[in-house]
Amino acid sequence: MTGINRREALLLGGAAVTAPGLFSLGAQAQGSTLRIGVLVPLTGVHASDGARMLKAHQLAAKMINESGGLKGLGGAKVELVVSDIQSKPEVSRSEAERLISRENVSALTGAWASATTIPAAQVSDRNRTPFMITSAVTDAITEQGLKYVFRTAVKAKWFGKYVADFMDTMKKNGMTIDKVALATEDGPAGQAVHANYSSVMPGRGYPIIADETFRTGSPDFSTVATKLRTSGATAILSVAYADDSTVLLRALAAQSFRPLYIGFGGAHVNQTVAASGKPAERTFGVVEWAPDLKKPASEAFVKAFAEAYPGEVPLSNQAQAFAATYALALAADAAASTDRTKIRDALRTLRITDGPASLLPAPELYFDEQGQSPATCVVVQVIDGKFVTVWPDAVAAQPPAPLQG
């Protein structure tokens, strides 16, 4: 699209928050704003994740608005209409409907977990409203012919290859990895990744000798830890949200079991896990972005985030949320319209190679016919209480540290 790189240089601004059933305060006249509905869990089991995500959505909006808004829309501002989905699929569905029908948003983004994203995606597509998914990885989301659904996150089925490639590298460096155990949550995301690992690992020379499934929010992982330890596995591949990851890691540490441990995605690679101390130290996570990524747009985002939220380090899902909000704004800018279908059409031809929205590891952000972006992954390791990118070498901050140390 003509001028897309110029528009990419725009920095985004002010956001309004609404409670369910209320119109946003301070809304500008219709036509002078791009209203984006943000679905985030601010209460319930994923409340801490939702609060983190919202900061990134708001930063993107703030940056654009402070630099003059969307030029293709005569300087229109980005207005976020935020809804608490309460970590519940049924609330995510009803709030998506409310934002579209009553708040008249031009697009939706967010929803966090696959379980709460899937119903919102169905609502958005039925109502012909663009929905930019930030973090949910279930493969089917972009494989069922939805015409208004887009995603910045990696598909679950892609993670197995990344993890197997990393384990191959570790084996070449002298680590013994010959038996794998799986520990996965029982929701859509966990089971999608579980299916991928189950199909990929044996063919790559990593037989699965233990397979444990657990419910999100489980208070005790001692039995799971015992089964993993007694299996004889030399590597554990887990898929768990942050709170469950910390409980599982503590249970493993209590039994002095320290195999190669690879957690999954932004649900694992966050400060809750790193702050758990010794149980998390030297463990790994496969994730779609890391703050020490060697890329100009990524470095600029980290700096802007630190200025906006002193003392906080952004996580992968926050980078995805930032990119998602930015992509919707750029599409509206390129379309010179707040019309839902015109924004959808612009998203299908958007090619982002530089500027703020290019912060993710892939060299280009675009969306294929299914609405899927060509997302890639990195592997990080907890070293001295911080997540450090250790693979692949091209973007690594340092080599992997020994498991014991």
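Where does the largest cavity lie with respect to domain 1 and domain 2? I should like to take that question as the thread of this presentation, and I note at the outset that the model is predicted.

Let me begin with the domains. The protein chain is divided into domain 1, comprising 31–154 + 295–358, and domain 2, comprising 158–287 + 378–395. Their centres, taken over C-alpha atoms, are separated by 29 Å. To the contact, domain 1 contributes 15 residues and domain 2 contributes 17 residues.

I turn now to the cavities. Searching the whole structure gives three cavities of 30 Å³ or more. The largest cavity holds about 200 Å³ of space. Its lining consists of 19 residues, and those nearest the centre are Ser 135, Val 137, Tyr 241, Phe 264 and Ala 267. Two elements, helix 9 (265–268) and helix 12 (316–335), each give two or more residues to that lining. Helix 9 gives the most, with three residues. As to chemical class, the lining has eleven nonpolar residues, six polar residues and two charged residues.

The opening question can now be answered. Both domain 1 and domain 2 give residues to the lining of the largest cavity, so the cavity lies between them.

Helix 12 deserves a further remark, since we have just met it in the lining. Helix 12 also packs against helix 13, residues 340–349, at an angle of about 105°, and the two axes are 8 Å apart. Angles of 65 to 115 degrees count as roughly perpendicular, and helix 12 and helix 13 are therefore roughly perpendicular to each other. Which residues of helix 12 and helix 13 meet? From helix 12 they are Ala 327, Leu 328, Ala 331, Ala 332 and Ala 335; from helix 13 they are Lys 342, Ile 343, Ala 346 and Leu 347. By class, this contact has eight nonpolar residues, one charged residue and no polar residues.

Finally, I draw your attention to two points of backbone geometry. The peptide bond from Trp 391 to Pro 392 is cis, with omega near 0°. Pro 392 is placed in the segment after strand 13, which spans 386–391. The second point concerns Trp 112, a residue other than glycine whose phi is positive, near 60°. Trp 112 is found in the loop between strand 4 (107–110) and helix 4 (114–126).

To close, I return to the main point: the largest cavity lies between domain 1 and domain 2, and its lining includes residues from helix 9 and helix 12.

Note on methods. Residues numbered from 1 in each chain as written. Predicted model: local features only at pLDDT ≥ 70, side-chain atom pairs only at ≥ 80, totals over all residues. Heavy atoms only, no water. 1 Å grid on protein atoms, 1.4 Å probe; cavity = no way out; pocket = protein on both sides within 12 Å on 5 of 7 lines; lining within 4 Å. Points joined across faces, edges and corners; volume = space filled by probe spheres on them. Helix = DSSP H or I, 4+ residues; strand = E, 2+ residues; numbered from the N terminus. Nonpolar A, V, L, I, M, F, W, Y, C, P; charged D, E, K, R; others polar. Domains from an automatic or database assignment. Axes fitted to C-alpha atoms, helices over the stretch in contact; angles between N-to-C directions. Parallel < 35°, antiparallel > 145°, perpendicular 65-115°, else oblique. Contact = heavy atoms within 4.5 Å.
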